[in-house]
Amino acid sequence: MALPSTTYKIDLNLTDIDRSVYQSLRFTVARHPSETEERLAARLIAYALFYHEQLAFGRGLSDVDEPALWEKSLDDRVLHWIEVGQPDSERITWCSRRTEKFSLVAYGNLRVWQTKALDPVRSLKNINVVAVGQEALASLALDMPRALSWSVMISDGELFVTDERGQHEIPWSGWSATADRFRGVAAAVCLHRLPVEIAARFTAPRFVCIEQILEPRCVSNPARCLKPCPTWAICRRC
C-alpha cells in the first residue's frame, strides 16, 4: 500500500524589494512520501524567488512529466519550468525544450554534479541556475511543522527567511549556461553576463565560486578578495 502525501499549510509573507513584490500568501503544498524536508524547503524558496501570480506547484516526484513549479499562460503554454535538486543533463535538456524559460534551484554537494550535469548543457540558452547554501537550507528545513509560517525578505540579492525559530540567512547565487564557460568544479561567472531577472538582484559586480557553495564576493578586483578563487572569470565591464 502506497504511503499518502503529507499536506503542509503555508503562510508566506513575501517582501521582494528587488522586484517590488509584496504579497501575503496562504496555500497548501503536498510533500511526497519520498521527498525530504530539504527538498520541500527548496521548493518554497524557489516559489519566493520566482514568484508570479500564475506560478503554481507541479506534481514533481509524483509525475516526471511535471516540474516542481511552473508558470503557464492562459492558453496553457509553459512559460517558466522550475526544477529543484540535482537533475542530470538529460533531464535538464528535456525540461528546457518544453518551456520558454527553465530555472533550477540546486542544493547539496554541487562539486561533482556541476561537471557532469551543467557542462554538457552549456549550449542551451534558456537555462538559469540558482544554488542555495546547503548548511543554511538544512537548518531551515529541520523539523518543519505542518503549519508553516515564513516571512521571506529579498533585498540587494540577499535572502532572509524568518520562522518561529528566528531569522535564517540563506546564501544563494546564480549563473547561466549563457556565461562564457564552466571551468572545473570552481567555475566563476560574473553576474553581468547572467539573465536580467537574476543579475538585477545584485547591485555590484559579484563573483561566484561553486566550490565554496557560492559565497558572494562583491569586489571589482579579485586580488582584493581575502579568499581568492583560482578560476575567476572576469567580465570586461568590471
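**Figure 1. The buried residue E83 and its surroundings.** At 8% relative accessibility, E83 counts as buried in this predicted model, because buried means under 20% relative accessible area. This residue belongs to strand β5, which covers residues 78–84. The side chain of E83 is joined to the side chain of R91 by a polar contact of 3.2 Å. When residues up to four places away in sequence are not counted, E83 touches E66, P67 and A68, together with R91 and C95, and also F102, S103, L104 and V105. R91 therefore appears both as the partner in the polar contact and as a member of this list of touching residues, while E83 itself is buried.

**Figure 2. The chain as a whole.** Five helices and 11 strands make up the secondary structure of the chain. The chain has 238 residues, and buried residues make up 51% of them. Among the contacts with a separation of 6 or more, 53% are between residues that lie 24 or more positions apart. The accessible surface of the chain comes to about 11,700 Å², and carbon and sulfur atoms account for 50% of that surface.

**Figure 3. Strand β1 between its two partners, β2 and β8.** Strand β1, residues 6–16, pairs with strand β2, residues 21–31, in the antiparallel sense, and the pairing extends over 11 bridges. One of the pairs in this ladder is T6 with R31, the latter being the bridge partner in β2. The two strands form a hairpin with four residues between them, and in the turn S20 has a positive phi of about 60 degrees. β1 is also joined by eight bridges to strand β8, residues 147–155, and here the two strands run parallel. In this second pairing, L12 has W150 as its bridge partner in β8.

**Figure 4. Helix α1 and its cover.** The 13 residues of α1 should span 18 Å at 1.5 Å a residue, and this agrees with the model because the C-alpha atoms at the ends of the helix are 18 Å apart. The helix is mostly covered, with 11 of its 13 residues buried. The buried residues form a run in the helix: R39, L40, A41, A42, R43, L44, I45, A46, Y47, A48 and L49.

**Figure 5. A48, a residue of helix α1.** A48 has its place in helix α1, and with a relative accessible area of 1% this residue is buried. Leaving out residues up to four places away in sequence, A48 touches L14, D16, R19, V152 and I154. A48 and T15 are 33 residues apart in sequence, yet the distance between their C-alpha atoms is 8.9 Å.

**Figure 6. The largest nonpolar core, and another core apart from it.** The largest nonpolar core holds 41 residues, of which I45, M144, W150 and V152 touch the most other members. Two or more residues are given to this core by each of β1, β2, α1 (37–49), β5, β7 (127–132), α4 (134–141), β8 and β9 (158–163). The largest share, nine residues, comes from α1. Another core, of 18 residues, lies apart from this one and includes A106, L110, V121 and W175. As a general background to such views, nonpolar side chains in soluble globular proteins tend to be buried together.

**Figure 7. M144 and the neighbouring loop residue D143.** Leaving aside neighbours within four places in sequence, M144 is in contact with Y8, E37, L40, A41, L44 and W150. D143 has its place in the loop between α4 and β8. With a relative accessible area of 60%, D143 is exposed, and its phi is near 50 degrees, a positive value in a residue other than glycine.

**Figure 8. From β8 through D156 to the hairpin of β9 and β10.** D156 is found in the loop between β8 and β9, where a relative accessible area of 41% makes this residue partly exposed. The phi of D156 is near 50 degrees, again a positive value in a residue other than glycine. β9 and strand β10, residues 166–169, pair in the antiparallel sense over four bridges. These two strands form a hairpin with two residues between them, and T162 has Q167 as its bridge partner in β10.

Conventions
Residues numbered from 1 in each chain as written. Predicted model: local features only at pLDDT ≥ 70, side-chain atom pairs only at ≥ 80, totals over all residues. Heavy atoms only, no water. Buried < 20%, exposed > 50% of the residue type's maximum accessible area, 1.4 Å probe, protein only. Polar contact = N/O pair within 3.5 Å; in protein donor to acceptor, adjacent residues only side chain to side chain. Contact = heavy atoms within 4.5 Å. Pairing = 2+ DSSP bridges. Core = buried A, V, L, I, M, F, W, Y, C linked by side-chain atoms within 4.5 Å. Expected span 1.5 Å × (residues − 1). Areas by Shrake-Rupley, 256 points an atom, 1.4 Å probe, with all protein chains shown as cover.
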